[in-house]
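Here are my notes on the model, set out as numbered points. Please read them with the structure open beside you.

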Amino acid sequence: IILENGMSCRELLEEILGEFSTRRIHYRESASALLKALLVQLLRDSMESVSQSAGAVEKIIDHIHTHYNEPMSNTLFSRLTGYHEYYLNRLFARHTGSTIHQYILDVRISHAKKILLNTNKPLSVIAEEVGFNSNTYFSTYFRQIAGLSPAQFRKKHKNTL
């Protein structure tokens with residue numbers, strides 16, 4: 001466990017050990033109170049950590065929605081949030097239930113659907129506009145998400161508008 005204020009926790013642990021080693025009158029009650037203080041401190045630190053990590057995830061999500069069509073990497077998100085790039089996916093998944101890469105792809109597909117329904121742009125142009133480097137990858141991933149190819153999606157849903 002990494003603690004922001006590890007020294008204060010260490011001091012409380014040393015006081016608890018001191019109470020047990022000296023066995024002065026009411027040492028158990030004193031140690032119990034110190035242990036409760038330590039647990040409260042750990043809980044507070046944990047809650048602050050969750051709050052900070054949620055803020056980092058929000059920064060990533062905002063960046064993805066604003067720059068969905070640009071290249072992105074964990075290195076970029078690491079610089080943006082101050083968290084190590086290998087830790088970010090676990091953090092992001094814990095807060096959203098999705099990896100960063102999956103989230104980026106889902107946002108890009110969502111934008112592609114809007115473009116497909118509101119324009120007659122060729123699929124290769126749409127793929128590039130939403131940030132896919134490969135038309136083939138765009139079409140394959142689109143089919144996985146939507147259950148239809150981009151062309152089928154456009155044909156089926158454009159008629160319903």
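1. Helix α2 covers residues 27-66, and Leu39 lies in it. Leu39 is also part of a nonpolar patch on the surface, together with Leu35 and Leu42. The accessible area of these three leucines together is about 240 Å². Keep in mind while looking at this patch that the model is predicted.

2. The overall fold is simple to describe. The chain has eight helices and zero strands, so its pattern along the sequence reads α-α-α-α-α-α-α-α. The chain has 161 residues, of which 30% count as buried.

3. The loop between α1 and α2 deserves a look at its backbone angles. Arg23 lies in this loop, after α1 (6-22). Its phi is near 50 degrees, a positive value in a residue other than glycine. His26 lies in the loop between α1 and α2 as well, and His26 has a positive phi of about 65 degrees although it is not a glycine.

4. Are these two loop residues, Arg23 and His26, buried or exposed? Arg23 has a relative accessibility of 54%, and because the cut-off for exposed is over 50%, Arg23 counts as exposed. His26 is also at 54% relative accessibility and counts as exposed.

5. Next, the charged pairs. Side chains of opposite charge can pair when their charged atoms come close. How many salt bridges does the model have? The count comes to two.

6. One salt bridge joins Glu19 and Arg24, with the closest N and O atoms 2.9 Å apart. That distance satisfies the rule, because a salt bridge needs the nitrogen and the oxygen within 4 Å. The two partners sit in opposite surroundings: Glu19 is buried, with a relative accessible area of 10%, whereas Arg24 is exposed, with a relative accessible area of 52%.

7. The other salt bridge is formed by the side chains of Glu129 and Lys121, at 2.7 Å from N to O. Here Glu129 is partly exposed, with a relative accessible area of 29%. Lys121 is partly exposed too, and its relative accessible area is 30%. Both values fall in the partly exposed class because that class runs between the 20% and 50% cut-offs.

8. The second largest pocket has a volume of about 270 Å³. Which elements give two or more residues to the lining of the second largest pocket? They are α3 (74-81) and α5 (100-118). Of the elements, α5 gives the most to this lining, with five residues.

9. In total, 17 residues line the second largest pocket. Those nearest its centre are Pro71, Met72, His101, Ile104 and Arg108. Sorted by class, the lining has eight nonpolar, seven polar and two charged residues. When checking this pocket on screen, the five residues nearest the centre, including His101 and Ile104, are a practical place to begin.

10. A last point concerns Ile145, which is placed in helix α7 (residues 135-146). Ile145 is partly exposed, with a relative accessible area of 37%. How far apart are the C-alpha atoms of Ile145 and Asp106? They are separated by 8.0 Å, while the two residues are 39 residues apart along the chain.

Note on methods
Residues are numbered from 1 along each chain as its sequence is written. This is a predicted model: local features need pLDDT of at least 70, side-chain atom pairs count only at pLDDT 80 or more; totals for chains, interfaces and linings use all residues. Side-chain values use heavy atoms; hydrogens and water are left out. Buried means under 20% relative accessible area, exposed over 50%, partly exposed in between (1.4 Å probe, protein chains only). Patches are made of residues with over 30% relative accessible area and no salt bridge: like charges are joined within 9 Å, nonpolar side chains (Val, Leu, Ile, Met, Phe, Trp, Tyr) within 5 Å. Accessible areas come from the Shrake-Rupley method with a 1.4 Å probe; for residues, only the protein chains shown count as cover. Helices (H or I, at least four residues) and strands (E, at least two) are DSSP runs, numbered from the N terminus. On a 1 Å grid over the protein atoms alone, a cavity is a set of points where a 1.4 Å probe fits but cannot get out, and a pocket is an open set with protein on both sides within 12 Å along at least five of seven lines; lining residues have an atom within 4 Å of a point. Grid points are joined across faces, edges and corners, and a volume is the space filled by probe spheres set on the points. Ala, Val, Leu, Ile, Met, Phe, Trp, Tyr, Cys and Pro count as nonpolar, Asp, Glu, Lys and Arg as charged, and the others, Gly among them, as polar.
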